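Trainee: I have the model open and would like a close look at a single part of it. Please choose one stretch and walk me through what surrounds it.

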Amino acid sequence: MDNKKLHIALLFGGNSSEHDVSKRSAHNIYDAMDKDKYDVSLFMFTKDGVLLGNDASHRIFDGEDEDQVVAEALPHIDQHNPLAPLMALSEVKDIDLFYPVIHGNLGEDGTIQGLFKLLKKPFIGSNVLGSAMAFDKDITKRILTQARVRNTEYVVITPENKSAMDYETVAAKVGRVMFLKPANQGSSVGIHKVRNAEEFDAGLADALQYDFKVLAEESIDHPQEIEISILGNEQPRASKLGAVRVPESDTFYDYNNKFVDASGVVFELPVVLPDTLAKEITKMGLDAYVALGLKGLARIDFLVSEDGVPYLSEPNTLPGFTNISLYPQLWGVSGIDYASLIDEIIAYGLAEYKRNQEISYSFTKLGTERVGEKKYNE
């Protein structure tokens with residue numbers, strides 16, 4: 001029996017607003033990894049998108065000031081090398097699998113997944129296309145609608161069409177109370193709940209700072225926020241459901257509630273729902289996971305209206321693993337402990353890589369090029 005440890009490259013950080021969230025998630029995952037099974041090398045992307053090596057990343061993990069460590073490391077990187085932002089990967093040999101814990105852009109939008117494919121290495125989570133589709137809220141909703149998975153009404157506002165998208169025009173389509181959301185941002189960044197033209201104009205101006213595509217989305221009155229964790233590849237399975245109850249004084253489950261101060265938030269794990277509703281949400285979650293082509297893991301969020309109708313809010317393809325995050329907690333109450341969950345996520349990454357290796361690529365050698373007669377019409 002081969003008892004060789006797997007060499008895991010754990011990547012975290014990044015230049016998104018969720019940089020610090022990623023650091024917390026990665027620390028929890030690293031601590032939970034069975035070191036009898038895995039050798040783990042750390043690589044942190046700085047806030048400017050430069051990858052630090054194992055030693056510098058460990059120093060930050062161990063509590064040293066990040067800005068100081070980065071300032072010391074950057075002068076040793078040859079900035080004239082076009083691969084400078086990634087040169088730290090050459091420090092270690094024989095990486096068996098990449099484990100990205102990079103929330104938001106670069107990590108969840110397909111970018112880092114493309115790098116792993118170029119490097120011809122296994123990685124955990126969804127592939128390039130699945131990540132990119134699930135990260136773009138507009139594309140996600142188009143796929144969900146095509147797959148007949150209920151989601152809220154919305155319109156897309158861009159710099160090109162915003163002059164025709166004033167508050168009254170948009171309100172006629174999605175209702176007078178609405179949410180404005182950058183299409184390609186995570187964790188409540190740039191999101192605004194608006195109720196009038198003044199709030200709409202200010203919220204749209206802010207949201208357009210974070211993306212060139214903003215969703216104006218229907219608001220559900222006093223919704224119940226439900227989350228589900230999905231695990232697997234071709235035959236994914238779902239956890240029990242959890243509920244997030246935010247203080248009535250808060251407009252919605254925002255960045256502060258998710259990652260900074262959850263002291264006023266109540267998490268019900270698992271949540272008790274009518275059996276029919278629980279089954280409907282579970283089916284919607286699994287249907288969305290398959291329709292978006294997701295792999296490995298995802299947390300999917302729902303809003304349930306006061307009359308008991310569930311709407312899929314959004315998927316998260318690299319969900320948080322902070323102490324507040326529900327993805328691992330939902331599996332915990334579903335019978336999978338933290339370390340076993342990580343083992344399964346890694347196993348699914350290896351299995352997906354192996355499956356993709358079976359795809360055949362046929363190359364036909366070209367002979368002498370023969371071109372037909374070209375006829376140009378005036």
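**A close look at helix H6**

Mentor: Let's begin where the helix has just ended: after H6 comes Arg148, a residue with a positive phi, near 60 degrees. Keep in mind as we go that this is a predicted model. H6 itself covers residues 137-146, and it is one of 12 helices in a chain that also has 14 strands.

Now go back to the start of the helix. The N-terminal end of H6 is capped by Asp136, which places a side-chain oxygen 2.9 Å from the backbone nitrogen of Asp138. Asp136 has a second partner as well: its side chain makes a polar contact with the side chain of Lys213 at 3.0 Å. What kind of pair do Lys213 and Asp136 form? They form a salt bridge, with 3.0 Å between the closest N and O atoms. The two partners come from distant parts of the chain, since Asp136 sits in the loop between H5 and H6 while Lys213 sits in the loop between H8 and E8, 77 residues apart. As background, oppositely charged side chains can pair when their charged atoms come close.

Are these two residues buried or exposed? Both Lys213 and Asp136 are buried. For Lys213 the relative accessible area is 18%, so this lysine falls under the 20% cut-off for buried residues. The pair also belongs to a wider salt-bridge network that links Asp136, Asp138, Arg142 and Lys213. Beyond its close sequence neighbours (within four places), Lys213 is in contact with Asp136, Asp138 and Ile139, with Val156, Ile157 and Thr158, and with Lys181, Pro182, Ala183 and Asn184.

Next, move along the helix to Lys141, a residue of H6. Why does Lys141 count as buried? Its relative accessibility is 4%, and buried means under 20%, so Lys141 meets the rule. Where do its side-chain polar atoms go? One partner is a backbone atom: the Lys141 side chain reaches the backbone oxygen of Thr152 at 2.9 Å. Another is a side chain, that of Glu217, with which Lys141 makes a polar contact at 3.4 Å. If you set aside residues within four places in sequence, the contacts of Lys141 are Asn151, Thr152, Tyr154, Leu215 and Glu217.

With those two lysines placed, look at the helix as a whole. The buried residues of H6 are Lys137, Asp138, Thr140, Lys141, Ile143 and Leu144. An α-helix has 3.6 residues a turn, so residues three or four places apart point the same way. It is worth holding that in mind while you look at the list, which includes Lys137, Thr140, Lys141 and Leu144. What do the buried residues of H6 pack against? Their packing partners include two helices, H5 (128-135) and H10 (275-291), along with the strands E5 (154-157), E6 (178-182), E8 and E14 (310-316).

You can follow H10 outward to another charged pair. Lys295, in the loop between H10 and strand E13 (296-304), is paired with Glu234, in the loop between strand E9 (224-232) and strand E10 (237-238), so this pair ties together parts that are 61 residues apart in sequence. The salt bridge between Glu234 and Lys295 has an N to O distance of 3.5 Å. Lys295 is buried at a relative accessible area of 12%, whereas Glu234 is partly exposed at 43%. Strand E10 takes part in a further link, through Arg237, to Glu344 of helix H12, 107 residues apart. That salt bridge, Glu344 with Arg237, spans 2.7 Å from N to O. Here Glu344 is partly exposed at 23% relative accessibility, and Arg237 is partly exposed at 30%.

Finally, set the helix in its chain. The salt bridges come to 24 in total. Of the 378 residues, 50% count as buried. Among contacts between residues at least 6 apart in sequence, 68% join residues at least 24 apart. The salt bridge of Lys213 and Asp136, whose partners are 77 residues apart, is a handy example of distant parts being linked. The radius of gyration is 23 Å, which agrees with the value near 21 Å for a compact globule with 378 residues.

Note on methods:
Residues are numbered from 1 along each chain as its sequence is written. This is a predicted model: local features need pLDDT of at least 70, side-chain atom pairs count only at pLDDT 80 or more; totals for chains, interfaces and linings use all residues. Side-chain values use heavy atoms; hydrogens and water are left out. Helices (H or I, at least four residues) and strands (E, at least two) are DSSP runs, numbered from the N terminus. The radius of gyration is taken over C-alpha atoms; the globule rule is 2.2 Å times the number of residues to the power 0.38. Buried means under 20% relative accessible area, exposed over 50%, partly exposed in between (1.4 Å probe, protein chains only). Contact means heavy atoms within 4.5 Å. A polar contact is a pair of N or O atoms within 3.5 Å; within protein, one must be able to donate a hydrogen and the other to accept it, and residues adjacent in sequence count only if both atoms are side-chain atoms. A salt bridge is a side-chain nitrogen of Lys or Arg within 4 Å of a carboxyl oxygen of Asp or Glu.
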